[in-house]
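Let's look at how the copies in this assembly touch one another and how they are arranged. Keep the picture open while you read.

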Amino acid sequence: MLTIESKLKELGYELPLIPASKGIYKRCVLAGGLLYVSGHVSINTDGSMIKGKVGADLSDEQGFVAARQCGLALLSTLKDHLGDLDKIKRVVKLLGMVNCPPDYTGHPVVINGCSELFAKVFGEEDGIGVRSAVGMGSLPGNVAVEIEAIFELK
Amino acid sequence: MLTIESKLKELGYELPLIPASKGIYKRCVLAGGLLYVSGHVSINTDGSMIKGKVGADLSDEQGFVAARQCGLALLSTLKDHLGDLDKIKRVVKLLGMVNCPPDYTGHPVVINGCSELFAKVFGEEDGIGVRSAVGMGSLPGNVAVEIEAIFELK
Amino acid sequence: MLTIESKLKELGYELPLIPASKGIYKRCVLAGGLLYVSGHVSINTDGSMIKGKVGADLSDEQGFVAARQCGLALLSTLKDHLGDLDKIKRVVKLLGMVNCPPDYTGHPVVINGCSELFAKVFGEEDGIGVRSAVGMGSLPGNVAVEIEAIFELK
């Protein structure tokens with residue numbers, strides 16, 4: 001069986017470098033039997049931010065890619081924290097937050113960028129959890145997407 | 001003792017049909033001893049969406065009804081998933097998200113539409129959990145309200 | 001060792017009076033081994049609301065203070081509920097919601113007002129949890145900041 005990391009490589013995805021933050025928070029906390037992970041913003045592989053409002057500055061497709069990059073950032077943090085992504089049992093929950101204008105309506109399709117990634121690497125049963133995909137008035141540094149998550153470990 | 005379903009019938013409420021979604025997510029995931037439920041948007045009994053911004057397109061009272069319909073949608077999903085709504089022990093947490101203009105201030109009264117429903121059917125002790133009732137910049141398909149929830153099972 | 005309450009006193013902070021609310025919710029629910037706490041809005045020590053949009057009506061520094069007051073409000077509720085703040089083991093998660101205009105970008109620095117307080121009173125290991133710091137379209141009563149939290153008890 002392929003490891004999660006070899007699946008990522010096969011799909012052509014690279015885990016981004018998570019830049020230092022001005023925020024006072026931990027990236028992961030294990031509590032109540034679940035691994036809570038902080039909101040991760042949309043970044044490129046080099047750690048630079050993917051900025052702009054989806055539906056104004058960015059297309060739906062660019063929003064989808066931004067959400068996928070949030071997913072890769074979450075996986076990068078999980079690899080740092082756990083050492084091995086195969087310690088993850090399943091995705092429990094995502095809160096997908098899209099930076100967009102008040103008349104934007106395509107949030108689910110944008111957040112699918114992350115959900116599709118997790119479904120591909122963890123499989124449809126374990127990689128898909130519950131979710132809300134919603135529109136924020138604004139996000140830190142004007143990033144396009146931010147996603148927070150809860151995972152269950154093996 | 002009345003079952004939850006007979007209480008709903010007595011109150012005159014009907015569980016809506018949950019329409020198919022373009023989003024990649026599960027409606028419920030049981031993890032860490034709790035049942036996580038995806039954000040459910042405001043829909044009518046026939047599954048059509050209740051759209052518009054509360055405080056602009058919709059009145060507070062219409063927002064209240066939209067939030068109650070989110071609650072009924074959550075219960076519809078729970079019935080599908082559990083078979084029997086009496087398997088629910090208590091409401092743990094709601095995140096009530098109102099689609100509204102930047103100067104809107106009445107979020108708690110709107111989300112009470114869902115909270116009051118749950119208090120009536122599960123009782124004041126078990127039906128009322130913790131909550132945030134907040135204003136989103138936008139919501140999928142321009143729905144009026146979206147609510148995600150955590151439940152504890154018996 | 002100093003108690004949490006004596007640390008608060010030493011830092012010169014006072015727990016605010018939590019005003020009655022029109023919302024139907026509990027302030028705390030213990031479930032799945034964790035203590036869930038409702039969203040607490042920015043209030044002064046006398047319980048009056050700190051209102052306005054950060055980045056328009058309020059400066060970043062005023063937003064920071066508003067977030068710290070949310071933290072003190074959370075602690076006030078926890079003291080009421082638990083009797084003793086030393087029963088808290090750790091901060092698991094914060095959702096920090098800033099009321100701000102669409103072009104605002106400084107959310108992490110604002111929510112640090114709460115995170116820094118918790119780090120000071122509970123220590124860096126236990127006082128810092130995971131976090132998202134994001135911008136809402138609007139908040140109840142036009143409050144500046146609202147923060148919901150999950151804690152682990154000893």
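Copies are superposed by least squares on the C-alpha atoms of residues with pLDDT of at least 70 in both. This is a predicted model, in which local features need pLDDT of at least 70, side-chain atom pairs count only at pLDDT 80 or more, and totals for chains, interfaces and linings use all residues. Residues are numbered from 1 along each chain as its sequence is written, while chains are lettered from A and ligands numbered from 1 in the order in which they are written.

## How the copies are related

A turn of 120° and a shift of 0.0 Å along the axis lay chain B on chain C with an RMSD of 0.0 Å. The two copies are therefore related as by a three-fold rotation axis. Which C-alpha of chain B is nearest the axis? That of Gly137(B), which is 2.5 Å from the axis.

The copies use different surfaces: 11% of the contact residues of chain B recur in chain C. Two residues are in contact here if their C-beta atoms, placed from the backbone, lie within 7 Å.

## Where B meets C

Chain B brings 28 residues to its contact with chain C, which brings 25 residues. On the side of chain B that touches chain C, two or more residues come from each of strand S3 (88–99), helix H3 (107–122) and strand S4 (130–136) of chain B. Helices (H or I, at least four residues) and strands (E, at least two) are DSSP runs, numbered from the N terminus.

## Where A meets B

Here 28 residues of chain A meet 25 residues of chain B.
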